[in-house]
Amino acid sequence: MLSLPPSDPFSTFSAGFTPWDHDEDSHALFSPKPVSSSSGSDDKSEPNQHVSASSTAMEERKRRRMISNRESARRSRMRKQRHLENLRNQLNKCRVENRELSNRLQFVLHHLNRLRTENEWLHSERTLLRQKVANLTQILIFQQFQTFSPAWTCTNNNTSLMTINQVN
């Protein structure tokens, strides 16, 4: 048979136990239990296993990422080292080429100066030879006038002789 509740709601606690008494057992009764996604299993280590597995997976991802980053950094350093080595090789080639071009330039400048000196000598030689040709032409002209006119011989004989002596 069903009985009605008494007018005092705490009368059922005749042993002196009240809901606000907090001993260890009563605390466990009123504290909420974590909800688990298992199918009714009462294994209390499962949430820790899930957290542990999750943190282990994250740690594994971190570790793999760290290894990947280290490998990437190593490859980057190697690329940089190869690039620097290529730049050094190019620098050495440019220095050698610069030295060769400088030597060739010095040779060409030396040859140019020699040719200029020779050219100046040839110009002066040409000027001297033109003067000699002009003097000889003048002598020949005087000699032709001498054959045509005996009067020219007396008056111009001294100048012709002077001109001949000046050419020689």
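Of the 168 residues in this predicted model, 5% count as buried. The accessible surface of the protein comes to about 15,800 Å², with carbon and sulfur atoms supplying 58% of that area. The secondary structure consists of 3 helices and 0 strands, giving the pattern α-α-α along the sequence.

Helix 2 spans residues 46-148, and a good place to begin a closer look is its charged side chains. A search of the whole structure returns 3 salt bridges. Glu60 pairs with Arg63 at an N to O distance of 2.6 Å; both residues belong to helix 2 and sit 3 residues apart, about one turn of the helix. In the salt bridge between Glu71 and Arg74, the closest N and O atoms are 2.3 Å apart, and here too the partners lie in helix 2 with a spacing of 3 residues. Glu85 and Arg88 form a salt bridge with a closest N and O separation of 3.6 Å, again 3 residues apart within helix 2.

How accessible are these partners? Glu60 is partly exposed at 28% relative accessibility, and Arg63 is partly exposed at 42%. For Glu71 the relative accessible area is 30%, while Arg74 has 34%; Arg88 reaches 47% and Glu85 40%.

The surface also offers a nonpolar feature. Leu105, Leu109 and Leu112 together make a patch of about 230 Å². Leu112 is located in helix 2 and has a relative accessible area of 33%, so this leucine counts as partly exposed and passes the cut-off of over 30% required of patch residues.

Key
Residues numbered from 1 in each chain as written. Predicted model: local features only at pLDDT ≥ 70, side-chain atom pairs only at ≥ 80, totals over all residues. Heavy atoms only, no water. Helix = DSSP H or I, 4+ residues; strand = E, 2+ residues; numbered from the N terminus. Buried < 20%, exposed > 50% of the residue type's maximum accessible area, 1.4 Å probe, protein only. Areas by Shrake-Rupley, 256 points an atom, 1.4 Å probe, with all protein chains shown as cover. Patch = residues over 30% accessible without salt bridge, like charges linked within 9 Å, V, L, I, M, F, W, Y side chains within 5 Å. Salt bridge = Lys/Arg side-chain N within 4 Å of Asp/Glu carboxyl O.
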